[in-house]
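Please open the structure in your viewer and keep the sequence panel visible. The tour below proceeds by selections, each followed by a description of what is found there.

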Amino acid sequence: MEGSLKYGKKGDIMQKVKVLVVDDNKRIVSLLKDVLSRDEQMQVVGTAGDGEEAIKMITFLKPDVVLLDLIMPKIDGLGVMERLNHLSLEKKPKIIVVSAISQESVTENAFSLGAAYYILKPFDNEMVINRIKHTRVKKDRNFAKVQKVNAYESKKEYMERNLETDVTN
């Protein structure tokens, strides 16, 4: 793909992170595309407005990361994750759920189905970028310096924050 390579500090060729944005809200899709296109390490390879389209695009485009809404037509985000777990994909993408649903049972279900992160809408643009980079940093320590942002993080961090909220309320 044209423009998908980047040179690291030592002249090593590094691939951009290929991101698929899946949300039925066109405004959110447009916002995420704009935010990601400003980062030289990201490449939006496609968008999907429902779960069926998302599965087809994941199979065809082979993104590194999928930003996935949960409430969508045809197949919801959890259904997409369930189906991906049953497909024999060469390389499964990292799933970052981006949703307005904050129910504990739903977030736990998303993590149990393989979500790397769960980000609540409305979201901080930098946090989304950092979460995407962080999925890559786990695989390639030299990929990018990730800025620290406090928000809804990994399952462990989410559970700790949620427990703290339950105790203090």
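A helix axis, as the term is used on this tour, is a line fitted to C-alpha atoms over the stretch in contact, and the angle between two axes is taken between their N-to-C directions. Please keep in mind throughout that this is a predicted model.

**The whole chain**

Begin by displaying the entire chain as a cartoon. The chain holds six helices and seven strands. Followed from the N terminus, the elements appear in the order β-β-β-α-β-α-β-α-β-α-β-α-α. Of the 169 residues, 47% count as buried. Among contacts with a separation of 6 or more, 62% are between residues 24 or more positions apart.

**Helix α2**

Now select residues 51-61, which form helix α2. Which residues of this helix are buried? They are G51, A54, I55, M57, I58 and L61. Look down the axis of α2: these buried residues fall within an arc of 170 degrees, so they line one face of the helix. On the other side, K56 and F60 are exposed.

Next, show what the buried residues of α2 pack against. Three strands take part, namely β3 (17-22), β4 (42-48) and β5 (65-68), together with the helix α3 (77-86).

Move to the N-terminal end of α2 and display the side chain of D50. This residue caps the helix, with a side-chain oxygen 3.0 Å from the backbone nitrogen of E52.

**Where α2 meets α3**

Select α2 and α3 together. Their axes come within 9 Å and cross at roughly 35 degrees. The crossing is right-handed. On the α2 side the contact is made by G51, A54, I55 and I58, and on the α3 side by V80, R83 and L84. What kinds of residue make up this contact? Five are nonpolar, one is polar and one is charged.

**Two lysines with positive phi**

Select K62, just after α2. This residue lies in the loop between α2 and β5. K62 is not a glycine, yet its phi is positive, at about 50 degrees. Its relative accessible area is 42%, so K62 is classed as partly exposed.

Continue to K74, in the loop between β5 and α3. K74 likewise has a positive phi although it is not a glycine, here of about 70 degrees. Is K74 buried or exposed? Its relative accessibility is 62%, and exposed means over 50%, so K74 counts as exposed.

**Strand β7 and the loop that follows**

Select residues 115-120, which are strand β7, and pick out A116 within the strand. Why does A116 count as buried? Its relative accessibility is 18%, and buried means under 20%. Now add T135 to the selection. A116 and T135 are 19 residues apart in sequence, and the distance between their C-alpha atoms is 7.5 Å.

Finally, select K121 and P122. The peptide bond that joins K121 and P122 is cis, with omega at about -5 degrees. P122 is found in the loop between β7 and α5 (125-137).

How values were computed. Residues are numbered from 1 along each chain as its sequence is written. This is a predicted model: local features need pLDDT of at least 70, side-chain atom pairs count only at pLDDT 80 or more; totals for chains, interfaces and linings use all residues. Side-chain values use heavy atoms; hydrogens and water are left out. Buried means under 20% relative accessible area, exposed over 50%, partly exposed in between (1.4 Å probe, protein chains only). Helices (H or I, at least four residues) and strands (E, at least two) are DSSP runs, numbered from the N terminus. The arc is that of the directions from the helix axis to the C-beta atoms. Contact means heavy atoms within 4.5 Å. A polar contact is a pair of N or O atoms within 3.5 Å; within protein, one must be able to donate a hydrogen and the other to accept it, and residues adjacent in sequence count only if both atoms are side-chain atoms. Axes are lines fitted to C-alpha atoms, for helices over the stretch in contact, and angles run from 0 to 180 degrees between N-to-C directions. A crossing is left-handed if the near helix is turned anticlockwise from the far one by less than a right angle, and right-handed if clockwise. Ala, Val, Leu, Ile, Met, Phe, Trp, Tyr, Cys and Pro count as nonpolar, Asp, Glu, Lys and Arg as charged, and the others, Gly among them, as polar.
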